[in-house]
Amino acid sequence: VKLVPRGVKLVRMGFTLLYMFSTSALLPIFNRAYRAENALLSSIGLDGRLSSSTLPAFAALERLKPAPLNLLDDATAGTLLNGRWALRATIAASVGEDVSDEQGMRGVVNASGITIDAAPLQYPVQEVRISTSRIANEVLLKLGPIGSLYLRVSGGFQRAPLPAPGRRATVVFDQLEVFTRSGERLFTAGWLFDLQAKLNPSLSNGADDSSWLETTYLSERVRLGRGNKGSVFVLQRVEDDGGPLRKWPI
């Protein structure tokens, strides 16, 4: 049996620990995209309020590592979209306008014309399920002395027709649900979207601009997107075991 000197063992152990530490802890610090994500997230207040550096940081991250143009055409790439994403900030503007903080709205979810303000300091959550081609926006509504309710608007999505890029999805919302704070479903109101389609057929027959969402940046923890109304979105992945409405999958 050949014995390894104790000093050599210590050196080997030191290199092993250094390698493990550098790959698990230090590597993200030297990753340009990771640093750019941090710059963007840190520019957004806890209440979703934007700073003067938010939009430049958003644009810089988009340019640094754009999402693949075939995102929804590639089953492997598309799986990264799966999961629950906290809406850290949304800035709404009209098509063709420059998006600015003055024009923006923060903590707002819009589903085919139905606009919902989220509770202060409570991030709306967007859930994406590639396997069922479903997407949902979940918000907590605070009703003063009455308490709080969860409201979820969901619908189907598919790859936008050509010549749109493969990272753009068209969305048709078809369900509205209301839940207690503990996650018990009170009622559904999908008929609202049926009524809306009858009152304004252009929303569903292609005569008007259809709702679409394009993912412009995507990593394990951050997702950036742009919508058909000129809005931009900053989302951060959340790991909450399915959230408060886990008993009612989309």
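User: What makes a salt bridge in this predicted model?

Analyst: A side-chain nitrogen of Lys or Arg has to sit within 4 Å of a carboxyl oxygen of Asp or Glu. Glutamate 184 and lysine 247 qualify, because their closest N and O atoms are 2.6 Å apart.

User: Where do glutamate 184 and lysine 247 lie in the chain?

Analyst: Glutamate 184 is in the loop between strand 7 and strand 8, and lysine 247 is in the segment after strand 11, so the pair ties together parts 63 residues apart in sequence.

User: Why is lysine 247 called exposed?

Analyst: Lysine 247 has 53% relative accessibility, and exposed means over 50%. Glutamate 184, at 36%, falls between the 20% and 50% cut-offs, so it's partly exposed.

User: And why does glutamate 214 count as buried?

Analyst: Buried means under 20%, and glutamate 214 comes in at 8%. Arginine 167 has 14%, so it's buried as well. Those two side chains meet in a salt bridge at 2.8 Å, N to O.

User: How do you know that arginine 237 has no salt bridge?

Analyst: The nearest side chain of opposite charge, glutamate 220, is 4.3 Å away, and the cut-off is 4 Å, so that pair doesn't make it. Arginine 237 is buried all the same.

User: What does the side chain of arginine 237 have as a polar contact?

Analyst: A polar atom of that side chain lies 2.7 Å from the backbone oxygen of asparagine 82. The limit is 3.5 Å, so the distance fits. Asparagine 82 is also among the residues in contact with arginine 237, along with Leu80 and Trp85.

Technical notes
Residues are numbered from 1 along each chain as its sequence is written. This is a predicted model: local features need pLDDT of at least 70, side-chain atom pairs count only at pLDDT 80 or more; totals for chains, interfaces and linings use all residues. Side-chain values use heavy atoms; hydrogens and water are left out. Buried means under 20% relative accessible area, exposed over 50%, partly exposed in between (1.4 Å probe, protein chains only). Lys and Arg count as positive and Asp and Glu as negative; His and the chain ends are not counted. A polar contact is a pair of N or O atoms within 3.5 Å; within protein, one must be able to donate a hydrogen and the other to accept it, and residues adjacent in sequence count only if both atoms are side-chain atoms. Contact means heavy atoms within 4.5 Å. Helices (H or I, at least four residues) and strands (E, at least two) are DSSP runs, numbered from the N terminus. Lists of a residue's contacts leave out its neighbours within four places in sequence.
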